[in-house]
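Q: I'm new to reading protein structures, and I'd like to zoom in on one part. Could you take a close look at the aromatic rings here and how they fit into the rest of the chain?

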Amino acid sequence: MQTLEQIQEQLRPGNKMQIERGLERRIPRVQNIMQQLTDRAQQQPPRVQFEEPKRREVAAHSDDCCVAAGAAPIIRKSKYVAPEEDSIAARLKAQRAANNSVNARQASATKVSAAADKSIAERLLRRKRQIVNCIERAFPVLDPETGQLLEYRQLLRHPKYKDAWNISAANEFGRLAQGIKGRVIRQQIQSNSYAKVQTEKEEPNQTRAIFGGNLIHYPDDVGTPTADLLLIKIFLNSVISTKGARFATADLSNFYLCTPMPRPEFGRVKLSDIPEEIIEEYKLREIATADEWVYFRADKTHYGLPQAGSLSHDLLEKRLNKEGYYKSLIAPGLWKHKTRDIQFVLVVDDFGIKYTKKNDLDHLIKLLKSHYDVSVDLDGKEFVKIELDWDYDKGEVHLSMEPYLRKALRQFDNLVPKKRRDSPYPHVESKYGAKEQFAEYDTSPAVGKEGQTYIQKVNGKFLWYARGVDPTAVVPLSALASQQSKPTQNTMDKSQHFLDYMATQEPAVLTYRKSDMILAVHSDAGYLNEEDARSRAGGHHFLSEDVPLPPNNGAIHNVAEIIKAVMSSAAEAETGGLYINARKAVEERNLLEEMGHKQPPTPIQTDNSTAEGIVNNRVQPKRTKAMDMRPGTTNRGDYFTKHHPASHHRNMRAEILTPYKVLMDLRKRQGMSGGRATSATARVC
């Protein structure tokens, strides 16, 4: 009792401690003291009754001990605060709660980290695609050291690049100086500037100042006649099939900057966007407005003006006409001479020239150089982004677009699958002899605007490649184009299937061999093999010999068209396919005869006897009947009517295309490298 009174006197409110049972197991002396206090309390009750608090607390007199009267032991201060419930179950429950809390925090941290990693990966992927798209087109210039995309104004002030790009910009403004004569007319027409890098050009860093053509209203026609791909392919066949003929290319520089305009245009440029060299030479600060705008008048054609193409072409035509060159009325992109044995196809300012005498070529080049800056390639290695490898000894020309394909795949950031894909489009097994054929409909969810844009970009990018050198890609692109207005997840999967095919196959090589330039057509149709119960017409058009069964040659045109109307029978689909192919053959015959290649009746091959009997008036239409469609053994038009299995694609690819190894061997024999000079362009607006 006396000990309790002493402890009571030593208690102070600011220095309290809790004692729990776990402390008894750790400090044996505490257990002895508690036992003694309990025994004494039972012998003589205390005079003062203490209310038992919710937590029993003992305060020490000092940090080291609490001294009691007599032989009381030392009680050290506890560092553990006991909970209200200190049972084993309570401790286990508390431990589980703590563990669950730790696990929850770890899981949350892991989820946040994963989300952060995913977010970083997505941002990096978007950044990579943005950079690739900017490089492939004309957008900001990429700094390889920092990865930053530098715009025109940044390039002019960048400590590393300002010298080179100020020179480039000064060169561009110097080329346009004939349109700035000191008059300041306040017209609110904006002009933009962009920069691009072209490694194959004499001036790698190029700046182009362009008009805001969307703000200009030109009343006259702005169309420009040009050669299309069909005319170019027939022209290449004509070169390789004409004895002694050779092919050369010519390119006019600054074609849009040389033509006077009957009506001037006006624009303005910010003084800070003009290089200091130009400002000092033309004393532009004296004529700049208070807000530092320089207004100018353009008397000659300029980049971005809607009338630049038509006016430049009209002036070129006038200059060529004076020297005996004239444009074909049937094929506007084809040009000939009144007396000289020379022809050329014209695409804006690019000339593809066929000649048999060097003097005729020199006459044309001399005429062009008298008015323009002209670059000439006597070997004709490239035209409209199609690489040309000429083997005049064998009478062959190989068309390829390997750099274009590589850039296209890089643009879409397509990962090359480990397993080669031999079919460009998913194949559905045909059921021959089925009495009922039901239309198929796509029920997968829509992909949204972003997915639609992606699919449209895939179609647009690879369409030129397919039409140029790879007929195996024509049918899948046609099928994707028919679905891109309302694309679904299934359409997206098919687009990815197509990209995997393009990535795993070798670059396509289309070969034209020397022939008699006689048009031949293989026609076919697939019945109800497209969605919404539609049929597809297919065709293979090539130039060959005047024989009953013309030998195959590289295609000048491939028909892969979905017939708009729903066909009631296979014979009707075949007849529709014959009409579509014959209609295209009429255009091809006109082009061939305009080039001087007379045409006999054009043979059109079909593998459907009913359709053949109808068009040859041997079968009356009222007695036609439905027939099952099966691939023809010699009709190559069948390949373009349906989505075949991978085995069929492997077999037909060798007949339609030339192995890439053949092209590499030819370049090796001619002393050329396997690759060609490529360009990387970037733009700043």
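A: Here's a walk from the whole chain down to the rings, and then out to a few spots around them.

Before we start, keep in mind that this is a predicted model. The protein chain has 18 helices and 20 strands. Of its 685 residues, 45% count as buried. If you take the contacts with a separation of 6 or more, residues 24 or more positions apart account for 73% of them. On the outside, the chain exposes about 37400 Å², with carbon and sulfur atoms supplying 51% of that area.

Now for the rings. The structure holds 12 aromatic pairs. One of them joins F255 and Y372, a tilted pair with 5.8 Å centre to centre and 45° between the planes. This pair links distant parts of the chain, since its members are 117 residues apart. F255 sits in the loop between β5 (246-253) and β6 (260-270), while Y372 sits in the loop between α10 (358-369) and β12 (373-377). Are these two rings buried or exposed? F255 counts as buried because its relative accessible area is 3%, under the 20% cut-off. Y372 passes the same test, so it is buried too, with a relative accessible area of 5%.

Another tilted pair is made by F344 and F351, at 5.1 Å centre to centre and with 50° between the planes. Both of these residues are buried as well.

Rings can also join up in a bigger group. Here, ring pairs link F235, F247, F383, W390 and Y392 into a cluster. Y392 has a charged partner too: R246 lies over its face, 4.0 Å from the ring centre. You can find a similar arrangement at W293, where the charged end of R268 sits over the ring, 3.7 Å from its centre.

Let's go back to the loop that holds F255. N254 is also found in the loop between β5 and β6, and its backbone has a quirk: a positive phi of about 55°, although N254 is not a glycine. Why is N254 called partly exposed? Its relative accessible area is 21%, so it falls in between the limits for buried and exposed. K283 has a positive phi as well, near 50°, and is likewise a residue other than glycine. You'll find K283 in the loop between α8 (276-282) and β7 (293-300).

What about the nonpolar interior? In soluble globular proteins, nonpolar side chains tend to be buried together. In this model the largest nonpolar core has 63 residues, and L399, F462 and M502 have the most contacts inside it. Helix α7 (residues 229-241) gives the largest share of this core, 9 residues. Leaving aside residues up to four places away in sequence, M502 touches L405, L409, F462, Y465, D470 and A473. There is also a second, separate core of 22 residues, which includes A170, L271, V294 and A298.

One last stop is helix α9, which covers residues 308-322. Its 15 residues reach 22 Å from the first C-alpha to the last, close to the 21 Å expected. Among its buried residues are L311, L315, L316 and L320, along with H313 and R319. Just after α9 comes G324, with a positive phi of about 95°.

Conventions. Residues are numbered from 1 along each chain as its sequence is written. This is a predicted model: local features need pLDDT of at least 70, side-chain atom pairs count only at pLDDT 80 or more; totals for chains, interfaces and linings use all residues. Side-chain values use heavy atoms; hydrogens and water are left out. Helices (H or I, at least four residues) and strands (E, at least two) are DSSP runs, numbered from the N terminus. The expected span of a helix is 1.5 Å times one less than its number of residues. Buried means under 20% relative accessible area, exposed over 50%, partly exposed in between (1.4 Å probe, protein chains only). Contact means heavy atoms within 4.5 Å. Accessible areas come from the Shrake-Rupley method with a 1.4 Å probe; for residues, only the protein chains shown count as cover. A nonpolar core is a set of buried Ala, Val, Leu, Ile, Met, Phe, Trp, Tyr and Cys residues joined through side-chain atoms within 4.5 Å. Rings of Phe, Tyr and Trp (its six-membered ring) pair if their centres lie within 6.5 Å; planes under 30 degrees apart count as stacked, over 60 as edge-to-face and the rest as tilted. A charge sits over a ring if NZ of Lys or CZ of Arg is within 6 Å of the ring centre and within 35 degrees of the ring normal.
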